[in-house]
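The following exercises ask the reader to work through a structure step by step. Each task is followed by its solution.

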Amino acid sequence: MLLYPCLRDNNHKTKKRIIMLIIGIAGGTGSGKTTVVRKIIERLPEGEVALLPQDSYYRDSSYLPLEKRLAINFDHPDAIEFDLLIQHLKDLKNGKVINQPVYSYLTCTRSPETIPVKPCDVIIVEGILVLCNQELREMMDLKVFVDADPDDRLIRVINRDIVERGRSVSMVMERYESTLKPMHEQFIEPTKRFADLIIPQGGNNHIAIDILTKYIENNLKR
C-alpha cells in the first residue's frame, strides 16, 4: 500500500492524505481477466475501486484509412500509449480527476468522449500487456497474472470477437494464428515471471479471487 504525505497548498493549508492501492491484472487474451476484475469489484464497497483498462489506451489511428486500421497488431506493446496511462496513474495518485479515453474496436479509433475517473482507494489496471512496461510495473503494489489453457482462451476469443467485434470465425482463426498466438508467446507469457500472484483457471478460480479480494480488504482497513 502506498501512503503519501499530506500535501499543502501555497496557503499552507493541509490537504487530505492520499492512500491508494494499485493492482495490475494481466494475462492472455480470453484468459478471464475481465471476469476476475468484475468479481473483485462486485465484492468491494461501491466507489472504492476505479478500473483503468489497457484497451482504453490504444493509440488513436484515425489518421489511417480503415483497411490499415483493421490490420493493427493490438497485441504488441507499441500499440499502447503507455506514457498516457502512466501519467493518468500519477495524476490519480496526486488527487486529480482524469479523463480516460474511450476506444472503439469497430472503427479502431478513439471516441471524442472520455470517461472521468476520480481518485479512490483502489486502482485496478487491467490488460494483456500491463506487465510489459517496467515503469508501469514499478507503480503497482500487487501484480497478478490470470492464466488459462490455450484452448479455453481460443474459445472465449472466438465467442467475443464474433459478438462484440463483428468478426467471422475464419477471421478470428486467421488472426489467432498470425498474431494472437505469436504475440502471446513473445510478450505476454514471459510477463508471468513478474507476477506476485498467478490465478489459474481465470474467473472460475473462486479461491484465488477470494484471496485477492481479502488482500484488498485488509489493505483498505489499514
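**Exercise 1.** Locate glutamine 201 and determine whether glutamine 201 is buried or exposed.

*Solution.* Step 1: glutamine 201 sits in the loop between strand S8 (197-199) and helix H7 (206-221), where helices (H or I, at least four residues) and strands (E, at least two) are DSSP runs numbered from the N terminus. Step 2: the relative accessibility of glutamine 201 is 53%, so the residue counts as exposed; the classes are buried under 20% relative accessible area, exposed over 50%, and partly exposed in between, with a 1.4 Å probe and protein chains only. Step 3: although glutamine 201 is not a glycine, its phi is positive, about 70°. Most residues other than glycine have a negative phi.

The model is predicted: local features need pLDDT of at least 70, side-chain atom pairs count only at pLDDT 80 or more, and totals for chains, interfaces and linings use all residues. Residues are numbered from 1 along each chain as its sequence is written, and side-chain values use heavy atoms, leaving out hydrogens and water.

**Exercise 2.** Describe the setting of cysteine 108 and state its phi.

*Solution.* Step 1: cysteine 108 belongs to the loop between strand S4 (98-104) and strand S5 (109-117). Step 2: its relative accessibility is 1%, and cysteine 108 therefore counts as buried. Step 3: phi of cysteine 108 is near 55°, a positive value in a residue other than glycine.

**Exercise 3.** Examine threonine 109 and identify which residue shares a polar contact with its side chain.

*Solution.* Step 1: threonine 109 is found in strand S5. Step 2: its relative accessible area is 13%, so threonine 109 is buried. Step 3: the side chains of threonine 109 and threonine 107 are joined by a polar contact of 2.7 Å; such a contact is a pair of N or O atoms within 3.5 Å, and within protein one must be able to donate a hydrogen and the other to accept it, while residues adjacent in sequence count only if both atoms are side-chain atoms. Step 4: not counting residues up to four places away in sequence, threonine 109 touches residues including Asp60, Ser61 and Arg69, contact meaning heavy atoms within 4.5 Å.

**Exercise 4.** Establish how far arginine 69 is from the nearest side chain of opposite charge.

*Solution.* Step 1: arginine 69 is found in helix H2 (residues 66-69). Step 2: arginine 69 is buried and has no salt bridge, a salt bridge being a side-chain nitrogen of Lys or Arg within 4 Å of a carboxyl oxygen of Asp or Glu. Step 3: the nearest side chain of opposite charge is that of aspartate 60, 7.5 Å away; Lys and Arg count as positive and Asp and Glu as negative, while His and the chain ends are not counted. Step 4: leaving aside neighbours within four places in sequence, the contacts of arginine 69 include Phe74, Thr107, Cys108 and Thr109.

**Exercise 5.** Characterise histidine 76 and its surroundings.

*Solution.* Step 1: histidine 76 lies in the loop between H2 and H3. Step 2: with a relative accessible area of 23%, histidine 76 is partly exposed. Step 3: its side chain reaches the backbone nitrogen of aspartate 78 at 3.0 Å. Step 4: leaving aside neighbours within four places in sequence, histidine 76 is in contact with Leu129, Met183 and Phe187. Step 5: histidine 76 and isoleucine 188 are 112 residues apart in sequence and 9.2 Å apart in space, C-alpha to C-alpha.
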